[in-house]
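Colleague: Got a minute to go through this one with me? I'd like to talk about the metal and the DNA.

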There are 2 protein chains.
Amino acid sequence: MINSIMQEKNLKITSARKELLEVLNSLKRPVSFEDIKHKITMDKATFYRNISKFESESLVNSFESNGKKRYYEIRQFPHAHFVCNVCNTIECLGEIPPPTLVGYTILDALYKGICRNCTQGVCIKDLQGEIMYNSP
Amino acid sequence: MINSIMQEKNLKITSARKELLEVLNSLKRPVSFEDIKHKITMDKATFYRNISKFESESLVNSFESNGKKRYYEIRQFPHAHFVCNVCNTIECLGEIPPPTLVGYTILDALYKGICRNCTQGVCIKDLQGEIMYNSP
DNA sequence: TAGTTAATGCAACTAAGTCGCATTTAAAAA
DNA sequence: TTTTTAAATGCGACTTAGTTGCATTAACTA
Ligand SMILES: [Mn+2]
Ligand SMILES: [Mn+2]
Ligand SMILES: [Zn+2]
Ligand SMILES: [Zn+2]
């Protein structure tokens with residue numbers, strides 16, 4: 001349960017923290033502050049301060065995607081991420097573990113390119129930059 | 001030669017563009033605007049406008065690293081990059097091609113972690129956050 | 001060489017994230 | 001339970017990489 005997880009990490013159990021972990025846990029996908037700011041009541045300073053506490057306590061991990069936003073997710077087993085340059089979708093790649101490289105410690109892997117849907121022409125950007133979905 | 005490359009891409013050959021390609025070509029490593037602003041004379045707006053032209057003409061590619069800065073390099077054969085979380089060094093991984101994933105088009109791979117030097121304790125951050133290099 | 005169009009410099013702007021500080025709140029101590 | 005104390009919060013101001021509008025300048029074209 002969320003409270004006991006925070007207790008183990010010696011984090012004060014505040015309503016902002018419970019709310020934030022609850023939201024991250026329910027969404028089960030990487031999100032930016034922008035993505036969830038309407039689902040949470042705390043100030044953005046509180047969001048970022050708590051996220052970085054969670055990161056240093058290994059409850060959350062993060063990566064940067066296309067654009068300038070950083071994405072956060074509940075820490076699970078190590079896995080890579082894929083960001084689509086066309087539709088900007090972010091996918092957790094459970095199947096593809098980050099590679100190993102002798103001498104290095106690889107902690108994170110981020111791939112960019114064209115996702116399965118966009119490769120098949122399922123989602124394309126129209127001329128206005130809006131994303132449209134067609135059947136394959 | 002740099003001029004003929006630009007001609008092929010139907011880019012106006014300006015002194016700013018020649019200077020920028022010259023610098024990127026001579027450094028042979030990914031650099032941010034900050035890294036090279038003292039080596040070039042153009043305004044930062046001109047830098048970013050030209051970089052994005054070069055990217056859309058496939059002369060340059062880019063990726064984001066630790067911190068908020070974006071890094072740019074002359075486009076070579078496809079290769080992955082490694083960013084060290086300790087010393088923030090960026091390495092081009094010529095040996096490791098980006099992986100393939102059925103259905104996807106992977107165009108870029110970015111790995112983060114601890115570089116060979118930092119893993120061996122060759123470079124460590126001291127308490128002031130300065131990076132020091134020791135012999136292994 | 002003159003005309004056209006794109007490129008440039010400059011200053012103002014944007015937006016994600018950070019920081020200082022006064023106030024509130026969780027948890028320890030009494 | 002009440003008091004004490006340190007940590008967490010909200011708010012506004014700030015930072016900084018990158019972008020944009022606009023007047024001016026410099027490549028290419030005829
Ligand atoms: Mn993930
Ligand atoms: Mn490279
Ligand atoms: Zn896509
Ligand atoms: Zn390192």
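Modeller: Sure, we can take the metal site and then the DNA; keep in mind that this is a predicted model.

Colleague: Which residues are the protein donors of the manganese ion (ligand 2)?

Modeller: They are E73(B), listed twice through OE atoms, H79(B) and H81(B) through NE2, and C92(B) through SG. These donors lie 2.0 to 2.7 Å from the ion.

Colleague: And how are the donor residues spaced in sequence?

Modeller: The pattern for this ion reads E-x5-H-x1-H-x10-C.

Colleague: Is E73(B) buried or exposed?

Modeller: E73(B) counts as buried because its relative accessibility is 3%. H81(B) is buried too, with a relative accessible area of 0%.

Colleague: Switching to the DNA, which residues come nearest to strand D?

Modeller: Out of 21 residues around DNA strand D, the nearest are T14(A), T46(A), I13(B), Y48(B) and R70(B).

Colleague: What does R70(B) do there in terms of atoms?

Modeller: One of its backbone N or O atoms sits 2.8 Å from a phosphate oxygen of strand D. The elements giving two or more residues to the surface near that strand are α2 (15–27) and α4 (44–56) of chain A, plus α4 (44–56) of chain B. The largest share, 5 residues, is from α4(A).

Colleague: Which residue has a side-chain atom by a base oxygen?

Modeller: That would be R49(B), with a polar side-chain atom 3.2 Å from a base oxygen of strand D. Of the strand D atoms within 4 Å of the protein, 64% belong to sugar or phosphate, and the rest to bases.

Colleague: How many residues of that surface are charged?

Modeller: The surface near strand D has 12 charged residues, along with 6 nonpolar and 3 polar ones.

Methods. Residues numbered from 1 in each chain as written. Chains lettered and ligands numbered in written order. Predicted model: local features only at pLDDT ≥ 70, side-chain atom pairs only at ≥ 80, totals over all residues. Heavy atoms only, no water. Donors = N, O, S within 2.8 Å, 3.2 Å for Na, K, Ca; no water. Buried < 20%, exposed > 50% of the residue type's maximum accessible area, 1.4 Å probe, protein only. Near = heavy atom within 4 Å. Polar contact = N/O pair within 3.5 Å; in protein donor to acceptor, adjacent residues only side chain to side chain. Helix = DSSP H or I, 4+ residues; strand = E, 2+ residues; numbered from the N terminus. Nonpolar A, V, L, I, M, F, W, Y, C, P; charged D, E, K, R; others polar.
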